[in-house]
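I opened this notebook to record what I looked up about ring pairs, charges over rings and buried helices. The entries follow the order in which I went through the model.

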Amino acid sequence: MRILLVGAGGVGGAITTIAARRRFPEAVVVADFDPDRAEKAVASVGDERFTAAQVDASDERAVLALLAEHRCDVLLNATDPRFVMPLFRAALAAGATYVDMAMSLSHPHPDAPYRRTGVKLGDEQFALAGDWEAAGALALCGMGVEPGLSDVFARYAADHLFSEIDELGVRDGADLTVRGYDFAPSFSIWTTIEECLNPPVVWERDRGWFTTEPFSEPEVFEFPEGIGPVECVNVEHEEVLLMPRWVDARRVTFKYGLGAEFIAVLKALHTTGLDSTTPVRVGGVEVSPRDVVAAVLPDPAGLGELMSGKTCAGLWVSGTGKDGEPRQVYLYHVVDNAWSMSEYGAQAVVWQTAVNPVVALELLATGVWQGTGVLGPEAFDAVPFLDLLTAYGSPWGLREGG
């Protein structure tokens, strides 16, 4: 397998260190708009299979040329969601397998944003599913941790734990702290603003997809391995758009443990217009307010040495078990920042995101996972993925009772 990895930031850099320990990649081209960042990621592994390149992820022709130049048969997208569609189209034009960790952007309903969906996450990608099928090529979308591993958990629950599912509820929480900072997001603030301030989407069998107010339906969820209780709220996320396509359930939700302080900051950014992606003129220069926010905050990839605690991604499932009795379980994956830093030099949140596409690529490289069209992780057998994730040294867990 010859891989073009586009994006050498926190997640892209972690992907590089993880993939370097595996035999299946024949070659990995690490490309970024910033050539120094790509060179740094490659230098960190000291592996001749890895080379650096410069590319503008918004330039489809340049990406297509890079795929051809290096004879890459896979494009792994580790950029933020703004660049999903040009990379997606470039991979299709090249006949390459495409993998991402976040899907094409949504656009709220113009008249009823908190009741009805507009353009949903991934709609632009699914609109081209027929083209991918006709080309006999695969686009595996949402293959990070959330979305990604949480969707694998949904497939596993449906196949092995439940005869009928009432709710698939993704629940994400952490007890991470960053020494020396009052506010320092552990993941891309650009993406965090996008998903947290857009209208959250819920799916119900009788209603289909619908939206609610941001930060709606707060609940306190007890997270495992010492993290403890965290208040979680509805947030827009791809799982709600993916799971109902392949897994039968009465309801699908995504709730994120943000905390009151984080929510207050996000609301303030929205109130002041600093969440906007529309450029404004400042001192004769066009600049996006959200890009300014991202520029003044610390790079999440560089916070690892200052972070402590654990992060947990998981799926709470309720319904009827295989024995016909009511059942609730929480399928989860916990990463301790101290472990990910000592083992890989990557902070916990970006490492947890990065490991899953590498596992998926290994399954595709060995033919264990196969498919054509635009598919989510739910479309594949979960057991080989979970077994391989454990073999990577990062086991998952199951807690009865939710």
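The entries below begin with the aromatic rings and end with two helices.

Entry 1, aromatic pairs. I note at the outset that this is a predicted model. I looked up the ring pairs and found that the structure holds 17 aromatic pairs. One of them is formed by Phe223 and Tyr330, which I recorded as edge-to-face, with 6.2 Å centre to centre and 80° between the planes. I then checked where the two partners sit: Phe223 belongs to strand E11 (residues 219–223) and Tyr330 to strand E18 (residues 326–336), so that, at 107 residues apart, the pair links distant parts of the chain. I also looked up their accessibility, and both Phe223 and Tyr330 are buried.

Another pair I wrote down is that of Phe254 and Tyr256, again edge-to-face, with 6.3 Å centre to centre and 65° between the planes. Because edge-to-face requires planes over 60 degrees apart, I kept the angle of 65° beside the label for this pair. Both Phe254 and Tyr256 are buried.

Entry 2, a ring cluster. I asked which rings are linked with Phe223 and Tyr330 into a cluster. Ring pairs join these two with Phe221 and Tyr332.

Entry 3, charges over rings. I looked up arginines placed over ring faces and noted Arg207, which lies over the face of Phe210 at 3.6 Å from the ring centre. I also noted Arg290, which lies over the face of Trp190, at 4.5 Å from the ring centre.

Entry 4, helix H8. Having met Trp190 as the ring under Arg290, I turned to helix H8 (residues 189–197), which is mostly covered, with nine of its nine residues buried. Trp190 is among these buried residues, as are Glu194, Glu195 and Cys196. I then looked up what the buried residues of H8 pack against, and listed strand E13 (251–256), helix H10 (260–272) and helix H11 (289–296).

Entry 5, Ala90. I asked whether Ala90, which is found in helix H4 (residues 84–94), is buried or exposed. Its relative accessible area is 2%, and because buried means under 20%, Ala90 counts as buried. Not counting residues up to four places away in sequence, I found that Ala90 touches Glu60, Val63, Leu64 and Leu67. I also looked up its separation from Leu75, and the two are 15 residues apart in sequence and 8.9 Å apart in space, C-alpha to C-alpha.

Terms used. Residues numbered from 1 in each chain as written. Predicted model: local features only at pLDDT ≥ 70, side-chain atom pairs only at ≥ 80, totals over all residues. Heavy atoms only, no water. Phe/Tyr/Trp six-rings, centres within 6.5 Å; stacked < 30°, edge-to-face > 60°. Helix = DSSP H or I, 4+ residues; strand = E, 2+ residues; numbered from the N terminus. Buried < 20%, exposed > 50% of the residue type's maximum accessible area, 1.4 Å probe, protein only. Lys NZ or Arg CZ within 6 Å of the ring centre and 35° of its normal. Contact = heavy atoms within 4.5 Å.
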